[in-house]
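Visitor: I'd like to learn how to read a structure feature by feature. Could you walk me through one?

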Amino acid sequence: MQTDVPHILIIDDDPVMLKALPEILRRQVQPLQITTFNSPHQALNIIAITDFDAIISDIKMPGMDGLTLLTEIHRINPELPVLMMTAEDDREVLLRALRGGAYDFILKPIVDHDYVVASLQRAMKTRQLSRQVAAQKKALEHHASELEKAVAEAVAEAKAAQRRLSFLAEASNLLAASLDYETTLTRVARLAVLYLADYCIVDMVQEDGTLHTVGLAHRDRTQEGLVHRLREGFEVQSMQEFENLSQTVRQTGHGILQPYMDDETLAKSVQDANELQLLRALGPRSLMRVPLQAQDKILGMLSFVSTRSDRHYGHDDLALAEDLTRRAALAVNNSRLYNEAQQALRVRDQFLSIAAHELKTPITSIMGTAQLLQRSAEREGNTNPRDTRRMQLLTDQTRRLNRLLDSLLNLSRLEAGQLTIDQAEVNIVALAQRVSEEMKLALESHMIEFHSDETKLAICGDELRLEQVLQNLLQNAIKYSPDGGIIRIHVQFNNHMAEVSVTDQGIGISDEAMPFLFSRFFRADSPTAKQISGIGLGLYVVKEIVTMHGGSIQVVSTQNQGSTFTIRLPLFDSQAT
C-alpha cells in the first residue's frame, strides 16, 4: 500500500554499497524509506507485491545480471523507474540498458552524491506523475459515457462548423458570379433557406430613402406569396424595422437578435390586423435582422426567420448571418462601383465618338483646301519655297490629325462592338503589294521592299480593314525608324496560313514594353520613342482587327536594331489545303 513517504529499493551484491548508498540518500532526501536486497531473485518477490517509487540496481550481480533483472522488473511494473549502477564504462552495456528501459546510470564508486540524489528525485517525481496519470485514467474510465457524449458533441460541432464554412464558401461563389446585385442577393436568400432560415428577406434602401424588397425565399415555395404580401403591403412597418436596426447597429455594432417569438410577441410587434394575420400564417419563432453595411453606410438589411419551435437563433447564428451579410454588402458595393465605372466608360466612349465625328468634317475640309492650294501653286509656279514648305506642313499635319481621328473612331467602334467585318475573298498578296506601292510615293528617307514567292493567297476577310492593318504596320515601321532605312514587307504561305511580315531597322522595342505593346493608349517609355508622335491606339486596333479575322499577330524586336511584326491569317477554304 502506498504511503506519503517515498519508498525505494536498492539491489546490490556488495555489502559496502548496500550500507553506504542508503546513508548518502537519507542525509539529503527526507523523509525516505529504503529497502535493500543483495539477491535479485529475492528482490523480484518483493517488487511483485510492493509499489516502490524507484529502484537502484547494480548491473553485474551473481545469479542474475542487472539487464535481465531490468527486463523482469518492467514485466512486473512497466511504469517503475530503474537506475542502473555500474563500475565499468562499457558503452555497449549502457546502450542495451537504455534500450531495455533504464531511467538513468550511476557510476561506481559514487563520487558525485548530488547527481545521484538529483537523478533519484527525478525518478521518484516521474513515478509520482505516472501514478497521477493512472489515477486520472481510472477516473476517466468511470466517466466513459460522459466522455463519449462529449466526443459525439464535439464531432457534431465540427460537422456544423464544416457546414457553416461550406455555406459561406458557396455564398461567396454566388456573390462573385454576377454583377447584378439584385439577382445575386436573391440567390443568397435562396441559399440561406437551405441552411440558416426558413425564410429570408433582402431589403435595400432606394435613392429616395425608401426600403424596397429585392429578394426573398422560403423553404416552402408555396409560402413565398405570403412573404411578398407581408413586405409589399406594409412598407411603413418595414421602414420602422430598418430604423430600429440602424439604431441598434450604431449602439452595439451588431444586428438584432430575437431568440424567442410567440403570439404575444407578434401582436406587440405590429399594429395592423392584416399584418398580424400574415405573420401568424408564416409562424415566425425566432428572428435575426442584419445590416447590409459597406464603408460605414447601411445599404439595406437581411431578415432571417426560423418558423420551427425547436430552433431558436443564438449568438453563433447571428455571427454567421453577419459574416454572410458582410460578404453580400461587399459584393453589392463592388457591383455599384463597377456599374458606375462602366457608365463613366460609356460616357467617355460616347464623347470620343461624337468628338471624332464632329471633327472629321472640318479636318476633311482643311485637307481638301490645303491640297487645292498645293496643286494651284505647282501649276502657277510663283510660290516661294517657304510658302511651299508651309503648305506641305499643313497637309502633313492634317493627314496626321485625320489618322488620329480614325484611331479614336475605331476605338469607339471596338468598345461599342460596332466595328464590323465584311466577309469577302481577298488576295492578301495583291493587297500588300498595292499598299506598299502607294506608301512609297510619299517617302523620302525610307525605302519599302516588297517580296513574295506567291501570286495569290486568298483569305476571307474585309479588304478595307486589312488595308488599314497593313498601312498601320508600315506607318509604324517608318515612324520608329527616324534615321531612315529599308522597310521590308514579305508575304508567304506558312503552315496552311497566309503570313505577312513587316520588318524595319529602327529603334526596336524594350523587353519591358513587350507585354503591353498591344494595349490601349500604351506608349513605350524610351526617350527616343517619347519624341515620336502618337496616342498608342494603332497596334491595339491592328490586333483587334486581326483577331476578328481569326488570325494572330506576333512581334520580334531587338533594341536599336529593329522590329518584325508578323500577322497570320487563315486561308480561304479552297486554299487551306
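Guide: We'll go through salt bridges, a helix, a pocket and some backbone oddities, keeping in mind that this is a predicted model.

Visitor: Let's start with charges. How many salt bridges does the count come to?

Guide: The general idea first: side chains of opposite charge can pair when their charged atoms come close. Here the count comes to 21 salt bridges. A good one to look up is D12 with K108, whose side chains meet at 3.1 Å, N to O. That pair links distant parts of the chain, 96 residues apart: D12 sits in the loop between β1 and α1, and K108 in the loop between β5 and α5.

Visitor: Are D12 and K108 buried or exposed?

Guide: D12 is buried, because its relative accessibility is 0%. K108 counts as buried too, at 16%, since the cut-off for buried is under 20%.

Visitor: Which residue forms a salt bridge with D53?

Guide: That's R131, with the closest N and O atoms 2.8 Å apart. D53 lies in the loop between α2 and β3 while R131 is in helix α5, so the pair ties together parts that are 78 residues apart in sequence. D53 is buried, with a relative accessible area of 6%. Zoom out a little and you'll find D51, D53, R127 and R131 linked in a network of salt bridges. While you're at R131, look at E79 as well: the two are 52 residues apart in sequence, yet their C-alpha atoms are 8.6 Å apart in space.

Visitor: What about a pair within one helix, like R434 and E438: how far apart are they along α14?

Guide: An α-helix has 3.6 residues a turn, so residues three or four places apart point the same way. R434 and E438 are 4 residues apart in helix α14, which means they are separated by about one helical turn. Their side chains meet in a salt bridge at 3.3 Å, N to O. R434 is partly exposed at 30% relative accessibility, and E438 is partly exposed at 39%.

Visitor: Now a helix as a whole. What is the reach of α7 from its first C-alpha to its last?

Guide: Helix α7, residues 181–195, has 15 residues and reaches 21 Å, close to the 21 Å expected at 1.5 Å a residue. Its buried residues include Y181, L185, V188 and A192.

Visitor: And pockets? How much space lies in the second largest one?

Guide: Rolling a probe the size of a water molecule over the atoms shows where empty space is left. In the second largest pocket that is about 320 Å³. The lining has 21 residues, with E241, Q258, S269, L287 and R289 nearest the centre. Elements giving two or more residues to this lining include β6, α8, α10 and β9. The largest share, 4 residues, comes from α9. By type, the lining divides into 11 nonpolar, 6 polar and 4 charged residues.

Visitor: Last, the backbone. Where is a cis peptide bond?

Guide: One joins Q30 and P31, with omega about -10°; P31 is in the loop between α1 and β2. The bond from K108 to P109 is also cis, with omega near 0°, and P109 is in the loop between β5 and α5.

Visitor: Which residue other than glycine has a positive phi?

Guide: H496 is one, with phi near 65°, in the loop between β14 and β15. N560 also has a positive phi, about 70°, and is found in the loop between β16 and β17. H496 is partly exposed at 45%, whereas N560 counts as exposed at 68%.

Definitions and conventions. Residues are numbered from 1 along each chain as its sequence is written. This is a predicted model: local features need pLDDT of at least 70, side-chain atom pairs count only at pLDDT 80 or more; totals for chains, interfaces and linings use all residues. Side-chain values use heavy atoms; hydrogens and water are left out. On a 1 Å grid over the protein atoms alone, a cavity is a set of points where a 1.4 Å probe fits but cannot get out, and a pocket is an open set with protein on both sides within 12 Å along at least five of seven lines; lining residues have an atom within 4 Å of a point. Grid points are joined across faces, edges and corners, and a volume is the space filled by probe spheres set on the points. Ala, Val, Leu, Ile, Met, Phe, Trp, Tyr, Cys and Pro count as nonpolar, Asp, Glu, Lys and Arg as charged, and the others, Gly among them, as polar. A salt bridge is a side-chain nitrogen of Lys or Arg within 4 Å of a carboxyl oxygen of Asp or Glu. Buried means under 20% relative accessible area, exposed over 50%, partly exposed in between (1.4 Å probe, protein chains only). The expected span of a helix is 1.5 Å times one less than its number of residues.
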